[in-house]
Amino acid sequence: MCLDALKKRIKERLRSKNSCTIFEHDLAPIWPRDERDQVKREKEIHAFAATHGWIATILDPGIRVTFRNVGI
C-alpha cells in the first residue's frame with residue numbers, strides 16, 4: 001500500500017467511524033519496521049497523522065496504529 005492509498009483508506013473510514021485501525025502489513029511498505037529506530041518510525045507516523053488532522057495511537061508497537069480525527 002502506498003502513502004496516498006493509506007491516506008484515502010483512513011479518510012474514507014473516518015467519514016463514518018470514530019477510528020481507523022491499520023495493521024503492520026499495511027504499515028510496513030510505507031514505514032518499514034526497524035526495531036533499532038522505532039522512535040523515528042513512530043515520529044513519522046505521528047507527523048503523517050497530524051498533517052491530515054488526525055491523531056495516531058500506536059498500539060502494540062509494530063503491530064497496529066489507530067487513527068482518529070483531532071477532537072474525538
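**Note on the strands, core and helix α3 of a predicted model**

1. Strands β1 and β3 are paired in the antiparallel sense, over four bridges. Within this pairing, I22 has V65 of β3 as its bridge partner. The model is a predicted one, and the points below should be read accordingly.

2. The two faces of β1 differ in their surroundings: C20 and I22 make up a covered face, whereas T21 and F23 make up an uncovered one.

3. The largest nonpolar core has 16 residues, and the members that touch the most others are I10 and F67. Several elements contribute to this core, with at least two residues coming from each of α1 (3-16), β1 (20-23), α3 (38-51), β2 and β3. Which residues does I10 contact, once its neighbours within four places in sequence are left aside? They are C20, I22, F48, W54 and F67. Two of these contacts of I10, C20 and I22, belong to the covered face of β1.

4. The structure contains four aromatic pairs. In one of them, the ring centres of W54 and F67 are 6.0 Å apart and the planes stand at 70°; because an angle over 60 degrees counts as edge-to-face, the pair is placed in that class. This pair joins distant parts of the chain, since W54 belongs to strand β2 (residues 54-59) and F67 to strand β3 (residues 64-69), 13 residues apart.

5. Are W54 and F67 buried or exposed? W54 has 7% relative accessibility and therefore counts as buried. F67 is likewise buried, at 0% relative accessibility. Together with W31 and F48, these two residues form one aromatic cluster.

6. Helix α3 has 14 residues, which at 1.5 Å a residue should span 20 Å; the C-alpha atoms at its ends are 20 Å apart, so the expected and modelled values agree. Its buried residues are Q38, R41, I45, F48 and A49. Viewed down the helix axis, these buried residues fall within an arc of 100°, and they therefore line one face of α3. As general background, an α-helix has 3.6 residues a turn, so residues three or four places apart point the same way.

7. The other side of α3 carries exposed residues, namely V39, K43, A50 and T51. Just after this helix, G53 adopts a positive phi of about 80°.

8. In summary, F48 is a buried residue of α3, a contact of I10 and a member of the aromatic cluster. F67 also belongs to that cluster and, with I10, touches the most other members of the largest nonpolar core.

Notes:
Residues numbered from 1 in each chain as written. Predicted model: local features only at pLDDT ≥ 70, side-chain atom pairs only at ≥ 80, totals over all residues. Heavy atoms only, no water. Phe/Tyr/Trp six-rings, centres within 6.5 Å; stacked < 30°, edge-to-face > 60°. Buried < 20%, exposed > 50% of the residue type's maximum accessible area, 1.4 Å probe, protein only. Core = buried A, V, L, I, M, F, W, Y, C linked by side-chain atoms within 4.5 Å. Contact = heavy atoms within 4.5 Å. Expected span 1.5 Å × (residues − 1). Arc of directions from axis to C-beta. Pairing = 2+ DSSP bridges.
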